[in-house]
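Open the model in your viewer and keep the sequence panel visible. The stops below each give a selection and then say what is there.

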Amino acid sequence: MSPLAELLLVLVVLGMAVKLLLLNFWRAVLFVSPGGVRVLPVAPADRMQLPPELATLAGQLQALGFVPLGSHVEKPRFQKGTASYDFAHPGQHTFATLHFSPRGEPRLYLLTPLAPEGFVLTAGYARPGFELPGRYRSGGFPEVPPERLLQAHRVRLQGLPASEDFTWEERLRSGQAWYRGLGQREIRRQNLQGLLWTVVALAIVAALFLGGGRPV
């Protein structure tokens, strides 16, 4: 192979490795340190600007008795963050949060903090189930309307001691506590692939430089 062709091949392989790093490095960091995600308030209920695409779900929640609390952003390191719009139904001991999927699809999940510690999380989209008896339950019911999702959430909450505080401050505190505690196992499971691709990309870069610039 000519030196020019070899150089071009090295540059192509290096470019692929850099692209892998750009796509996956933040996921690797999230895998290693889930508690580094910050839950930051954006606006209280009276200044919350709900995107039009979420208006239908918001209307259905309010018809069920949920009231707006405010909006927040969940920001992993090296990422812009995900905007979320929060509601609460104290009578049902439940928070509701609207947000968009990575593909821009409207999403809803319900969250109940437990006393003194724990969560029940029920999503209206595909989400692997996970349970720690008496402390944590999470799972998803794809394509289920808010009314049926709330019914499913109430069933999953039976026998567990729900919190009595459903203020916006408690919603923000609960979100941060989830990332720093019981949510970490799920986060690591969701981002394991990102960690593996980051390791592959770093191995390619190391091989290129330690191998004298020759592609692996």
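Select P116 first, in the loop that runs between β5 and β6 (119-123). The model is a predicted one. Display the backbone here: the peptide bond joining A115 to P116 is cis, and its omega is near 0 degrees. Most peptide bonds are trans, and most residues other than glycine have a negative phi.

**Two positive phi values**

Go next to the loop between β2 (67-75) and β3, where F78 is found. F78 is not a glycine, yet its phi is positive, at about 70 degrees. Is F78 buried or exposed? F78 has 58% relative accessibility, so it counts as exposed.

Now pick H93, in the loop between β3 and β4. H93 is also a residue other than glycine with a positive phi, here near 55 degrees. Its side of the comparison with solvent is as follows: H93 counts as partly exposed because its relative accessibility is 23%.

**Strand β4**

From H93, move to T97, which lies in strand β4. T97 has a relative accessible area of 0%, so it is buried. Add A123 to the selection and draw a C-alpha to C-alpha distance: T97 and A123 are separated by 9.6 Å, with their positions 26 residues apart along the chain.

**The largest pocket**

Turn on a pocket surface if your viewer has one. Rolling a probe the size of a water molecule over the atoms shows where empty space is left. The largest pocket holds about 1,300 Å³ of space. Which residues lie nearest its centre? They are H99, P102, R107, Y125 and Q190, out of 40 residues that line the pocket.

Colour the chain by element to see where the lining comes from. Two or more lining residues are given by each of α1 (3-32), β3 (82-89), β4 (94-100), β5 (106-113), α3 (146-157), α4 and α5 (184-210). The largest share comes from β5, with 5 residues. Recolour by residue class, and the lining of the largest pocket splits into 22 nonpolar, 10 polar and 8 charged residues.

**Helix α4**

One of the elements that contribute to that lining is α4, so select residues 168-180 next, which make up this helix. α4 has 13 residues, and the distance from its first C-alpha to its last is 19 Å, close to the 18 Å expected at 1.5 Å a residue. Show its side chains: W168, E170, R171, L172, S174, G175, Q176, W178 and Y179 are the buried residues of α4. An α-helix has 3.6 residues a turn, so residues three or four places apart point the same way.

E169 belongs to helix α4 too. With 55% relative accessibility, E169 counts as exposed, because the cut-off for exposed is over 50%. Select P41 alongside it: E169 and P41 are 128 residues apart in sequence, while their C-alpha atoms are 9.1 Å apart in space.

**Helices α1 and α5**

Hide the rest and keep α1 and α5. Two packed helices are described by the angle between their axes and the distance between the axes. For α1 and α5 the angle is about 145 degrees and the axes are 7 Å apart. The crossing of α1 past α5 is left-handed. Sorted by class, their contact contains 21 nonpolar, 4 polar and 2 charged residues.

Stay on helix α1 and pick L7. L7 counts as partly exposed because its relative accessibility is 47%. Bring D46 back into view and draw the C-alpha to C-alpha distance: L7 and D46 are 59 Å apart in space and 39 residues apart in sequence.

**The cavity**

For the last stop, look for enclosed space. How many cavities of 30 Å³ or more does the structure hold? It holds 1. The largest cavity has a volume of about 30 Å³. To find it, select W26, V29, L30, S33, G36, V37, P76 and R77, the residues that line it. By class, this lining consists of 5 nonpolar, 2 polar and 1 charged residues.

Notes
Residues numbered from 1 in each chain as written. Predicted model: local features only at pLDDT ≥ 70, side-chain atom pairs only at ≥ 80, totals over all residues. Heavy atoms only, no water. Helix = DSSP H or I, 4+ residues; strand = E, 2+ residues; numbered from the N terminus. Expected span 1.5 Å × (residues − 1). Buried < 20%, exposed > 50% of the residue type's maximum accessible area, 1.4 Å probe, protein only. 1 Å grid on protein atoms, 1.4 Å probe; cavity = no way out; pocket = protein on both sides within 12 Å on 5 of 7 lines; lining within 4 Å. Points joined across faces, edges and corners; volume = space filled by probe spheres on them. Nonpolar A, V, L, I, M, F, W, Y, C, P; charged D, E, K, R; others polar. Axes fitted to C-alpha atoms, helices over the stretch in contact; angles between N-to-C directions. Left-handed = near helix turned anticlockwise from the far one by under 90°.
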